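Work through the following exercises with the sequence and the 3D view open. Each one sets a task and then solves it in steps.

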Amino acid sequence: MRLFLSALSGILLALPFCLGKLWLFAWFGFVPLFFVLRDKNRFQSFLLSYLCGIVFWSITIYWLIHVTLLGQILLILYLSFYFGIFGLFVSRPSSLVLRFTFLFIPSLWVLLEYLRAHLLSGFGWALLGYSQYLNLPIIQIADIFGAYGVSFLVMMGNVAVYRLVVTRAQGHKSTRKAIKCGIAVLICIFIVLGYGYFRLYE
């Protein structure tokens, strides 16, 4: 089941890059991975996240096999490393990090995307924000924050969905915290949508 959920996240996250109309999947694509990382040690979290990355990149850059099979394999193994690092830091967060999860996790993901786009000559393809290229109102904030801002917002959505689902069975207090997180994310999304529609129809 752990391997299935990890691979499922990779598939869900890759779908918008295969067909732009499926942009909605990116907003909850990380949720299965978040579930599988619960109560795992850091080594397990790294491996499970790394597997998610392998599935994601195998689908996203499948076409590279027609150019170079060895190059494709090596590139997939390298790019998946960033997913592994993500899982390594997300697993077993401190109480302070847990309190600000909806800010910490998106910030961590954006940082890793930035590093991936610049280290070792850089590979800036398939940023999470690019999955929204057909979601025109959302991507208007790119003129201020760039694609990384869109990535941040989408990851915030993933965190909010996960916390709302997982805390329903953890008592009233936990549920209230998750609802507050969800409301904060919704407010951000509505502000972004308001700006997006203003830019589209000004």
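**Exercise 1. A charged pair**

Is Asp143 buried, exposed or partly exposed? Find its salt-bridge partner and place both residues in the chain.

Solution. The model is predicted, and every value below is computed from it.

Step 1. Asp143 has a relative accessible area of 43%. Buried would require under 20%, and exposed over 50%, so Asp143 is partly exposed.

Step 2. The salt-bridge partner is Arg199, with the closest N and O atoms 3.2 Å apart. Asp143 belongs to helix H8 and Arg199 to helix H9; they are 56 residues apart, and the pair links distant parts of the chain.

Step 3. Arg199 has a relative accessibility of 34%, so this residue is partly exposed too.

Step 4. A search of the whole structure finds one salt bridge.

**Exercise 2. Helix lengths**

Check the end-to-end distances of H1 and H6 against the expected spans.

Solution. Step 1. The expected span is 1.5 Å times one less than the number of residues. For H1, residues 2-18, there are 17 residues, so the span should be 24 Å.

Step 2. The end C-alpha atoms of H1 lie 25 Å apart, in agreement with that value.

Step 3. H6 has 18 residues and should span 26 Å; its end C-alpha atoms are 26 Å apart, which agrees.

**Exercise 3. The start of H1 and its cover**

Which residues does Arg2 touch beyond its sequence neighbours, and what covers the buried residues of H1?

Solution. Step 1. Arg2 lies in helix H1. With a relative accessibility of 43%, Arg2 counts as partly exposed.

Step 2. Leaving out residues up to four places away in sequence, Arg2 touches Val36, Lys40, Gln44 and Leu48. The C-alpha atoms of Arg2 and Leu33 are separated by 8.6 Å, although these residues are 31 apart along the chain.

Step 3. Buried residues of H1 include Ser6, Ser9, Leu13 and Pro16. Residues three or four places apart on an α-helix point the same way, because there are 3.6 residues a turn.

Step 4. The cover over the buried residues of H1 includes helix H2 (31-37), helix H3 (42-60) and H4.

**Exercise 4. The nonpolar core**

Which members of the largest nonpolar core touch the most other members? Follow the contacts of two aromatic residues, Phe30 and Trp109.

Solution. Step 1. The core has 49 residues, and Phe30, Phe34, Trp57 and Phe86 touch the most other members. Two or more residues come from each of H1, H2, H3, H4, H6, helix H8 (142-166) and helix H9 (172-201). H8 gives the most, with nine residues.

Step 2. Setting aside neighbours within four places in sequence, Phe30 is in contact with Ser9, Leu13, Phe83, Phe86, Trp109, Leu128, Met155 and Asn158.

Step 3. Trp109 is in helix H6 and is buried, at 7% relative accessible area. With the same neighbours within four places left out, Trp109 is in contact with Phe30, Phe83, Phe86, Leu128 and Met155.

Step 4. For a contrast with Arg2 and Leu33, which are 31 residues apart along the chain with C-alpha atoms 8.6 Å apart, take Trp109 and Gln140: they are also 31 residues apart, but their C-alpha atoms are separated by 20 Å.

**Exercise 5. Positive phi angles**

What are the phi values of Asp39 and Ala126, and is each residue buried or exposed?

Solution. Step 1. Most residues other than glycine have a negative phi.

Step 2. Asp39 has a positive phi of about 60°. Asp39 sits in the loop between H2 and H3 and is exposed, with 69% relative accessible area.

Step 3. Ala126 has a positive phi near 55°. Ala126 is in the loop between H6 and H7 and counts as buried, at 11% relative accessibility.

Step 4. Leu120, which follows H6, also has a positive phi, near 50°.

**Exercise 6. A polar residue and a nonpolar patch**

Is Asn135 buried or exposed, and is Leu70 buried or exposed?

Solution. Step 1. Asn135 is in the loop between helix H6 (101-118) and helix H7 (136-139). Its relative accessible area is 9%, so Asn135 is buried. Apart from residues up to four places away in sequence, Asn135 touches Trp23 and Trp27.

Step 2. Leu70 is in helix H4 (residues 69-90). Its relative accessible area is 58%, so Leu70 is exposed.

Step 3. Leu70 helps make a nonpolar surface patch of about 550 Å², together with Ile65, Leu69, Ile73, Leu74 and Leu77.

Note on methods:
Residues are numbered from 1 along each chain as its sequence is written. This is a predicted model: local features need pLDDT of at least 70, side-chain atom pairs count only at pLDDT 80 or more; totals for chains, interfaces and linings use all residues. Side-chain values use heavy atoms; hydrogens and water are left out. Helices (H or I, at least four residues) and strands (E, at least two) are DSSP runs, numbered from the N terminus. Buried means under 20% relative accessible area, exposed over 50%, partly exposed in between (1.4 Å probe, protein chains only). Contact means heavy atoms within 4.5 Å. Patches are made of residues with over 30% relative accessible area and no salt bridge: like charges are joined within 9 Å, nonpolar side chains (Val, Leu, Ile, Met, Phe, Trp, Tyr) within 5 Å. Accessible areas come from the Shrake-Rupley method with a 1.4 Å probe; for residues, only the protein chains shown count as cover. A salt bridge is a side-chain nitrogen of Lys or Arg within 4 Å of a carboxyl oxygen of Asp or Glu. A nonpolar core is a set of buried Ala, Val, Leu, Ile, Met, Phe, Trp, Tyr and Cys residues joined through side-chain atoms within 4.5 Å.
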